[in-house]
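Here is a short tour of the aromatic rings and the nonpolar interior of this protein. Have the viewer ready and follow along.

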Amino acid sequence: MSRHFASSLLAAILSIACAGTALSAQNPLPTASAEDRAMAREIFKQLIEINTTDTPLGNVTTANVAMQKRFLDAGFPAADVQLLGPDARKQNLVVRMRAATPTTKKPVLFLCHMDVVEALRADWTSTDPFQFVEKDGFYYGRGTQDMKESDAVLVATFLRLHRDGYKPNRDLILALTADEEGGHFNGAKWLVQQHRELVDAAFVINPDAGGVELDHGKTVAADVEATEKVYSDFQITATNRGGHSSVPRPDNAIYELTTALNKLAAYSFPFEMNGVTRAYFTNLAKQEKPQTAADIRAILATPPDMAAAKRLGVNPEFSSNFRTTCVATRLSGGHANNALPQTAQANVNCRIFPGHSPEDIRKQLIGLFADTKLNVKYVSDAGDTFDTAPERKAIVPPTPIAEVFEPLTRLTQTIWPGTPVTTEMSNGATDSIYYAEVGIPCYGYSAVALERDDSRAHGRDERLPVDSYWKALDFFYSFAKALGSE
Ligand SMILES: [Zn+2]
């Protein structure tokens, strides 16, 4: 779900970007043949038309069985195409392309979620979200941006590499998983926690984040997500014995709750930076107008200038990138117009800066509210409430590793010449968190080019430029090969 929260947030020019390689002129990327494109389009269509929402109509297993069949038909050994998961409708598929010879080199994991967010025909302008429609240079359908385009690209890539007789120097793994968008059976998490041997890797490439930003057709930047905030919901509840509203008392569930929410509204979590955000702001200072540039330099100083941070923080995008944020998003309370409220409840949604756990933040909220009558519970992604929150923390970003960024940069610049490759911290969240927390570096990159103002993930009339699909297909064929050859 991340890329569309991530775009244009935080980007840092990577100095690692293989200084001025002349490769693009000498080694044009192999492009997919007409038959390969037809196959890749067919897979994409098939996936869009299998409903994988977390609803009674949706079924991730159906999609993964269809992909399993393709791999088995192509001659992958059954043992290397495993369908597994804790729920019959939420089976994950793990495909392994084995190294030519046994090696101690750890595999590369491509992590892709197969589920999509619900979409209603009535909300879409002219197409059915679960029909793959090509129109005016776009593919329409639920999941064309998030992330069946990447699922299809990776499936097609593995099939093509296999057909071409490619033998990597290390195992390449593709995991197609359930419940990234919600639901009780997050497949990425389940696999790494229950079947680490199947998905253990030197690093993860997660196309659910990052990508190429276009501005009126011109490429602006290629963003690689190197870290992300942790998503957490908290349920704040005030309860009261209630009574008749003709005899009000000072104690009142609604007033107690709103007092707490007003404290939250006035509060800012502390200013923070990490390697990714620091590099981003350092670069941004070179491009911004003088006052903003001066403020940015001031927050990069040691110690950071808090007055400058405050001025910059007026921009919500800046503010959310240098602190944890928590905001009230839902409110309910009372049960009758003429009764004192017995309950008042709010949802507070937090995006937690890497390095803090949801439980840290829950405790900070309790401290901020300073009202023992309030109950602050954690709400899981599946909507269940708990007295305490997870202790897991987003990992502070790993140093960009050359074996990922060298080919990523080289291939990106071959397809989109002159486009800077940058790293970003996403304000959203992906399944990468479960791998980052067991120490596997994760990089979010889809190689999908989208207009900055055409993010439609989770929304209506989701669509992908046909040309972007072909470019991602070409990118991943060469990228997987490059990673597998290291
Ligand atoms: Zn997604």
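A charge sits over a ring if NZ of Lys or CZ of Arg is within 6 Å of the ring centre and within 35 degrees of the ring normal. With that in hand, please keep in mind that this is a predicted model. A good place to begin is R463, whose charged end sits over the ring of F138, 3.7 Å from the ring's centre.

**Charges over rings**
- Besides R463 over F138, the charged end of R160 sits over the ring of Y477, at 4.2 Å from its centre.

**Aromatic pairs**
- In total, the structure holds 21 aromatic pairs.
- One of them joins F110 and F158 edge-to-face, with 6.0 Å centre to centre and 90° between the planes.
- This pair links distant parts of the chain, as F110 belongs to strand β4 (residues 108–113) and F158 to helix α5 (residues 148–163), 48 residues apart.
- Both F110 and F158 are buried.
- Ring pairs also connect F110 and F158 with Y445, F475, F476 and F479 in a cluster.

**Nonpolar cores**
- The largest nonpolar core has 69 residues, and M67, F71, F110, L174 and I205 have the most contacts inside it.
- Helix α16 (residues 466–484) provides the largest share of this core, 11 residues.
- Leaving aside neighbours within four places in sequence, F71 is in contact with F76, V81, L93, V95, V155, F158, L159 and L174.
- Another core, of 44 residues, lies apart from the largest one; among its members are V94, A188, Y435 and C442.

Terms used:
Residues are numbered from 1 along each chain as its sequence is written. This is a predicted model: local features need pLDDT of at least 70, side-chain atom pairs count only at pLDDT 80 or more; totals for chains, interfaces and linings use all residues. Side-chain values use heavy atoms; hydrogens and water are left out. Rings of Phe, Tyr and Trp (its six-membered ring) pair if their centres lie within 6.5 Å; planes under 30 degrees apart count as stacked, over 60 as edge-to-face and the rest as tilted. Helices (H or I, at least four residues) and strands (E, at least two) are DSSP runs, numbered from the N terminus. Buried means under 20% relative accessible area, exposed over 50%, partly exposed in between (1.4 Å probe, protein chains only). A nonpolar core is a set of buried Ala, Val, Leu, Ile, Met, Phe, Trp, Tyr and Cys residues joined through side-chain atoms within 4.5 Å. Contact means heavy atoms within 4.5 Å.
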